[in-house]
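Subject: Structure handover

Hello,

Here is the structure I promised to pass on. Please open it first, then read the notes below.

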Amino acid sequence: APAPETGPGAARPPEPSVLPFLVCPLSKRPLRYEAATQELVNEELGIAYPVVDGIPTMLPEAARKVPARPAEQH
């Protein structure tokens, strides 16, 4: 039986094996996949790249601003 989430616009995460290799094109830092919003998040710069049909859109103009995570207090 096909998976329930198929077809255009289906929520599909990026291939897990490629996640460690995806870096922000602006900062060259690793990105975190956020399943709830289907985005790859760069907390340092406070931007998120959309993931559509399992394919990350790693273009600076496609990114949206998200609240930057404050630096950890010691």
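Helices (H or I, at least four residues) and strands (E, at least two) are DSSP runs, numbered from the N terminus. On that basis the protein chain has zero helices and five strands. From the N terminus on, the order is β-β-β-β-β. Please keep in mind that this is a predicted model.

**The chain as a whole**

The protein chain has 74 residues, and 22% of them are buried. Its accessible surface comes to about 5,400 Å². Carbon and sulfur atoms hold 60% of that surface. Now take the contacts with a separation of 6 or more: 29% of them join residues 24 or more positions apart.

**How the strands pair**

Start with β3. This strand is antiparallel to β2, and four bridges join the two. One bridge pairs N42 with I47 in β3. The β2 and β3 hairpin has four residues between the strands. In that hairpin G46 has a positive phi near 70°.

β3 also runs antiparallel to β4, with two bridges between them. Here V52 has I55 in β4 as its bridge partner. This is a hairpin too, with two residues between the strands.

Then there is β5, residues 64-65, which runs antiparallel to β3 and is joined to it by two bridges. In this pairing I47 stands opposite K65. So I47 comes up in two pairings: with N42 and with K65.

**Two backbone angles to look at**

Which residues other than glycine have a positive phi? Q38 is one of them, with phi near 55°. Q38 is in the loop between β1 (32-34) and β2 (39-42). Its relative accessibility is 25%, so Q38 counts as partly exposed.

D53 is another, with a positive phi of about 55°. D53 sits in the loop between β3 (47-52) and β4 (55-56), in the turn of that hairpin. D53 also counts as partly exposed, because its relative accessibility is 25%.

**The core**

The largest nonpolar core has seven residues: L22, C24, L31, L40, I47, Y49 and V51. β3 gives the most to this core, with three residues. In soluble globular proteins, nonpolar side chains tend to be buried together.

I47 is worth a click. Residues up to four places away in sequence aside, I47 touches C24, L26, L40, V41, N42, A63, R64, K65 and V66. Among these contacts, C24 and L40 are fellow members of the core.

**Charged pairs**

The count of salt bridges comes to five. Side chains of opposite charge can pair when their charged atoms come close. Three of the pairs follow.

R32 and E34 meet through their side chains in a salt bridge of 2.5 Å, N to O. R32 is partly exposed, with a relative accessible area of 32%. E34 is partly exposed as well, at 26%.

R32 forms a salt bridge with E43 too, and there the closest N and O atoms are 2.6 Å apart. R32 lies in strand β1 and E43 in the loop between β2 and β3, so this pair ties together parts that are eleven residues apart in sequence. R32, E34 and E43 are thus linked in a network of salt bridges.

The third pair is R64 and E39, whose side chains meet in a salt bridge of 2.6 Å, N to O. This pair links distant parts of the chain: R64 is in strand β5, E39 is in strand β2, and they are 25 residues apart.

**A closer look at E39**

Is E39 buried or exposed? E39 is buried, because its relative accessible area is 8% and buried means under 20%. Its partner R64 counts as partly exposed, at 41% relative accessibility.

What else does the side chain of E39 meet? There is a polar contact with the side chain of T37, at 3.0 Å. Setting aside neighbours within four places in sequence, E39 is in contact with R32, Y33, E34, A48, Y49, P50, V51 and R64. Y49 and V51 from this list belong to the core. R32 and E34 belong to the salt-bridge network.

**Where to begin**

I would start at I47, which faces K65 in β5. Then move to E39 and its salt bridge with R64.

Best wishes

Key: Residues are numbered from 1 along each chain as its sequence is written. This is a predicted model: local features need pLDDT of at least 70, side-chain atom pairs count only at pLDDT 80 or more; totals for chains, interfaces and linings use all residues. Side-chain values use heavy atoms; hydrogens and water are left out. Buried means under 20% relative accessible area, exposed over 50%, partly exposed in between (1.4 Å probe, protein chains only). Contact means heavy atoms within 4.5 Å. Accessible areas come from the Shrake-Rupley method with a 1.4 Å probe; for residues, only the protein chains shown count as cover. A polar contact is a pair of N or O atoms within 3.5 Å; within protein, one must be able to donate a hydrogen and the other to accept it, and residues adjacent in sequence count only if both atoms are side-chain atoms. Two strands pair if DSSP finds at least two bridges between them. A nonpolar core is a set of buried Ala, Val, Leu, Ile, Met, Phe, Trp, Tyr and Cys residues joined through side-chain atoms within 4.5 Å. A salt bridge is a side-chain nitrogen of Lys or Arg within 4 Å of a carboxyl oxygen of Asp or Glu.
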